[in-house]
Amino acid sequence: MLYHASPERYSLMDRIYCRCGRSGVLLPKVSLGFWHNFGGDAPLERSRAITRFAFDHGITHFDFANNYGVPAGSAEETMGVLMDQDFRPYRDELFISTKAGYGMWDGPYGEWGSRKYLISSLDQSLRRMHLDYVDLFYSHRFDPNTPIEETLQTLVDVVRMGKALYVGISNWPLEPLQAAAKYLRERDVPLLIYQGRLNMLNREPIEEEILDFCHREGIGFIAYSPLAQGLLTDRYLQGIPADSRMAQEHFLKSDRRTPELLEYLHRLEAQGRANGRTIAQEALSWVLEQKGVTSVLVGASSVEQLKNNLQTIQ
Ligand SMILES: NC(=O)c1ccc[n+]([C@@H]2O[C@H](COP(=O)([O-])OP(=O)(O)OC[C@H]3O[C@@H](n4cnc5c(N)ncnc54)[C@H](OP(=O)(O)O)[C@@H]3O)[C@@H](O)[C@H]2O)c1
């Protein structure tokens, strides 16, 4: 059925958006990630329903990487289909990011941080998503063997070439992050945002002073896996559901479901009950309360999950 986005989608504009560092960009406090659940192995109609629900409720930011989906690249292909069928009229209302850094194709030019890899990868992403440009392009991980200037100058150049409007980095340690912020600022392509894993169970960006640095420098911070891939929800309270990420035993292993975790979740559940919130909402609120956090980047395998997550900020 032809898609008409909800006319109400910006009705909570004042509550839902947060300025990304010292930039002109406002991002929704909850953004949608396409790592899992949107690949070639996921039903297209479910992917469409989740994506439409997101946009209908003011989630304008969709996050990809070259290798997302099974097979790698297929989440971006799904976005290409959805662009053609649903979202083309809304392109200017969307803030779409992608990344390159992890292994994507065979041979010496299919991963890390060389100019050769990053530009080829971004071109592939644009073709898969049927886009002329992305709003944000990330270096997905720091490459200790490529001169940092090569990676960073490539980020500058993809903006100059019009392939990306802004640049970000993800998973970089503090010291190279500091060097990146300086290099990019001096070339008038300021670092828009840092993407790091932050949730109640993994606090590295706080402990490593990355979040604080971003906040002081006017760089946005977007927290990925804010629900610890589903651990910080009610998903695993009673067992391991057959359709859950943990059941796949790949990125989320069943040994993470420990008695200590269950005890922690029961405490969180009780705290949530007192606040009128679910476990997931408690977990997302905690991340959003950290000074310097612009947005939480959630995953969802159903509209229901996304709806629950969105209620955190509504
Ligand atoms: N930069 C990086 O290196 C990096 C790394 C990882 C992720 N990311 C980005 O961050 C995004 C989110 O990562 P993530 O998927 O790990 O995030 P997450 O939000 O921590 O976990 C999402 C999973 O939690 C479960 N879930 C979500 N909401 C729920 C709810 N309300 N109730 C019960 N269960 C719920 C679902 O699991 P089931 O699927 O089992 O239902 C869902 O797939 C990715 O899509 C990607 O864009 C970036």
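Which elements are included in what covers the buried residues of H11? The cover includes S3, helix H2 (44-56), helix H10 (279-289) and S10. Here "buried" means that 20 or more other C-beta atoms, placed from the backbone, lie within 10 Å of a residue's own; 12 or fewer makes it exposed, and anything in between partly exposed. In H11 the label goes to Leu306, Asn308, Asn309 and Leu310.

A word on the source. This is a predicted model, where local features need pLDDT of at least 70, side-chain atom pairs count only at pLDDT 80 or more, and totals for chains, interfaces and linings use all residues. Residues are numbered from 1 along each chain as its sequence is written.

**The fold**

The chain has 11 helices and 10 strands; these are DSSP runs numbered from the N terminus, with helices (H or I) needing at least four residues and strands (E) at least two. The radius of gyration is 19 Å, close to the 20 Å from the globule rule for 314 residues, so the chain is as compact as a globular protein of that length. That radius is taken over C-alpha atoms, and the rule is 2.2 Å times the number of residues to the power 0.38. Along the principal axes, the C-alpha atoms fill a box of roughly 50 × 50 × 40 Å. Of the 314 residues, 45% count as buried. Take contacts (C-beta atoms, placed from the backbone, within 7 Å) between residues at least 6 apart in sequence: 74% of them join residues at least 24 apart.

**The barrel**

Eight strands close into a barrel, in the order S3-S4-S5-S6-S7-S8-S9-S10, with parallel pairing. Neighbouring strands of this sheet are turned by 30° against each other on average, direction ignored; the axes behind that angle are lines fitted to C-alpha atoms, and angles run from 0 to 180 degrees between N-to-C directions, with helices fitted over the stretch in contact. Two strands pair if DSSP finds at least two bridges between them. Here are two of the pairings:

| Pair | Bridges | One facing pair of residues |
|---|---|---|
| S3 (residues 30-33) and S10 | three, parallel | Leu32 and Val298 |
| S7 (residues 164-170) and S8 | four, parallel | Val167 and Leu191 |

Strand S8 (residues 191-197) has six of its seven residues buried, so it is largely enclosed by the rest of the structure.

**Around the ligand**

The ligand is surrounded by 31 residues, the closest being Gly33, Trp35, Leu227, Gly230 and Gly299. To be near a molecule, a residue needs its C-beta atom, placed from the backbone, within 6 Å of it. Strand S10 (295-298) and helix H11 (303-310) each supply at least two residues of the shell, and H11 gives the largest share, three residues. By class, the shell has 10 nonpolar, 17 polar and four charged residues. Nonpolar covers Ala, Val, Leu, Ile, Met, Phe, Trp, Tyr, Cys and Pro; charged covers Asp, Glu, Lys and Arg; the others, Gly among them, are polar.

**Backbone oddities**

Most residues other than glycine have a negative phi, and most peptide bonds are trans. Gln229 is not a glycine, yet has a positive phi of about 65°; Glu249, also not a glycine, has a positive phi of about 55°. Gln229 sits in the loop between strand S9 (220-224) and helix H9 (259-275), and Glu249 is placed in the loop between S9 and H9. Buried or exposed? Gln229 counts as buried, with 22 C-beta neighbours inside 10 Å, while Glu249 is exposed, with 11 other C-beta atoms within 10 Å. As for the peptide bonds, the one from Val70 to Pro71 is cis, with omega near 0°. Pro71 belongs to the loop between strand S4 (61-63) and helix H3 (74-87).

Conventions
Two residues are in contact if their C-beta atoms, placed from the backbone, lie within 7 Å.
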